Amino acid sequence: MSNTKAKPNVRSTVHHFGLTVEDLDKSIAFYNAAFGLEVVDRCVFSGPELSHVVDVPNATLEYAFMAAENVIIELIEYKEPKGKPFGLKNNDLGNPHICMVVDDIDATYERLLNLGSKFNAPPQTAPMVPPFNGLRYTYCRDINGVTIELFQPGDGPLSLPRLLAARGLVAQK
C-alpha cells in the first residue's frame, strides 16, 4: 500500500497574485528598481460587473501586471473609491507577504533601504542545520506597507527548485 495521497484532479497553477497600492506609477517604479520587474500589461477597468465581483461599489481601478522570473505580480490602484492604508501586522489573519529570492541579500537590503523600505531587522542567517543550512532572510515593507521577505537560499532543501522537486512537480537538477 502506498503512503502517497491521490492527487485531486484539479488545476492548481498560479497565474498571478495581486496587491492593492496607493499610487500605481510609484509602485511600478519601486518594483522595477527593487527587483527588476517589468510591466507586461496595464489597463483601466470599471463597470457594474467589476464592482460586483470585487465587492466595491462604483469601483474604477487601474492595474499593471509585472513579470518576475516565475510569477506575475498584479499591482492595483483603486481610482474610485480610494481605500484605507494597509495596517496589518505579520501575525494578523489574511496578511500576505511576497517572498523574493535574491542572489545577494546584503546588496538588495541596501537597495531597498535607499528606495524607502522599512526593515524589521537587517538580514539574518539561519542555523547551519537542515532544512535551513545557512539560508539568509529578512522582512521589510514596500512603499505601500506590504510585507516583502528577502530570501537568499543556503545549501539546504528550502530552495524553490528543491521544494518543487520534493513534491514531484519538477525534475531535480
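# Working through the fold

Helix α1 (residues 24-35) lies across β1, β2, β3 and β4 (72-80), running at about 10 degrees to β3. Keep in mind that this is a predicted model. Let's take it apart, one exercise after another.

**Exercise 1. Work out how many helices and strands the chain has, and in which order the elements run.**

Step 1: Count by type. You should get 4 helices and 9 strands.

Step 2: Now walk from the N terminus. The elements run β-α-β-α-β-β-β-α-β-β-β-β-α.

Step 3: Put some overall figures next to that. Of the chain's 173 residues, 34% count as buried. Among contacts with a separation of 6 or more, 50% are between residues 24 or more positions apart. The accessible surface comes to about 11600 Å², and carbon and sulfur atoms hold 55% of that.

**Exercise 2. Find the strand order of the open sheet of 4 strands, and say which strands are at its edges.**

Step 1: Trace the pairings across the sheet. The order is β1-β4-β3-β2, and the pairing is mixed.

Step 2: Look for strands that pair on one side only. Those are β1 (16-20) and β2 (38-46), the edge strands.

Step 3: Check the twist. Ignoring direction, neighbouring strands here are turned by 20 degrees against each other on average.

Step 4: Zoom in on one pair. β2 and β3 (residues 60-67) run antiparallel and are joined by 8 bridges. In this pair, Glu-38 stands opposite Ala-67 of β3.

**Exercise 3. Ala-67 lies in strand β3: is Ala-67 buried or partly exposed?**

Step 1: Take the relative accessible area of Ala-67, which is 23%.

Step 2: Compare it with the cut-off. Buried means under 20%, so Ala-67, at 23%, is partly exposed.

Step 3: See what surrounds this residue. Leaving out residues up to four places away in sequence, Ala-67 touches Leu-37, Glu-38, Val-40 and Ile-72. Take Val-40 from that list: Ala-67 and Val-40 are 27 residues apart in sequence, yet their C-alpha atoms are 6.5 Å apart in space.

**Exercise 4. Describe the largest nonpolar core and say which element gives the most to it.**

Step 1: Start with the general expectation. In soluble globular proteins, nonpolar side chains tend to be buried together.

Step 2: Size it up. The largest core has 24 residues, and the ones with the most contacts inside it are Tyr-31, Phe-35, Leu-75, Leu-112, Ile-148 and Leu-150.

Step 3: Sort by element. At least two residues each come from α1, β3, β4, β5 (97-101), α3 (105-114) and β9 (147-152). The top contributor is α1, with 6 residues.

Step 4: Don't stop there, as another core lies apart from this one. That other core has 9 residues, including Leu-50, Ala-59, Phe-65 and Tyr-78.

**Exercise 5. Follow the contact between Leu-75 and Ser-27 from both ends.**

Step 1: Begin at Leu-75. Beyond residues up to four places away in sequence, its contacts include Leu-19, Leu-24, Ser-27, Ile-28 and Tyr-31, as well as Tyr-63 and Met-66.

Step 2: Switch to Ser-27, a residue of helix α1. Outside that same sequence window, Ser-27 touches Val-21, Leu-75, Ile-143 and Asn-144.

Step 3: Check the burial of Ser-27. Its relative accessibility is 0%, so Ser-27 counts as buried.

**Exercise 6. Work out how β9 is covered and which strands it is joined to.**

Step 1: Count the buried residues. In β9, 6 of 6 are buried.

Step 2: Split them by direction. In a regular strand the side chains alternate between the two faces of the sheet. Here Thr-147, Glu-149 and Phe-151 point one way, while Ile-148, Leu-150 and Gln-152 point the other way.

Step 3: Take the parallel partner. β5 runs parallel to β9, with 5 bridges joining them, and Cys-99 stands opposite Glu-149.

Step 4: Take the antiparallel partner. β8 (residues 136-141) is joined to β9 by 6 bridges, with Arg-141 opposite Thr-147.

Step 5: Look at the turn. β8 and β9 form a hairpin with 5 residues between them, and Gly-145 in the turn has a positive phi of about 90 degrees.

**Exercise 7. Find how many disulfides the structure has, then check the exposure of Cys-43 and Cys-99.**

Step 1: Search the whole structure. The count is 0 disulfides.

Step 2: Read off the exposure. Cys-43 has a relative accessible area of 31%, so it is partly exposed. Cys-99, at 37%, is partly exposed too.

How values were computed:
Residues numbered from 1 in each chain as written. Predicted model: local features only at pLDDT ≥ 70, side-chain atom pairs only at ≥ 80, totals over all residues. Heavy atoms only, no water. Buried < 20%, exposed > 50% of the residue type's maximum accessible area, 1.4 Å probe, protein only. Contact = heavy atoms within 4.5 Å. Areas by Shrake-Rupley, 256 points an atom, 1.4 Å probe, with all protein chains shown as cover. Pairing = 2+ DSSP bridges. Axes fitted to C-alpha atoms, helices over the stretch in contact; angles between N-to-C directions. Core = buried A, V, L, I, M, F, W, Y, C linked by side-chain atoms within 4.5 Å. Disulfide = S-S within 2.5 Å.
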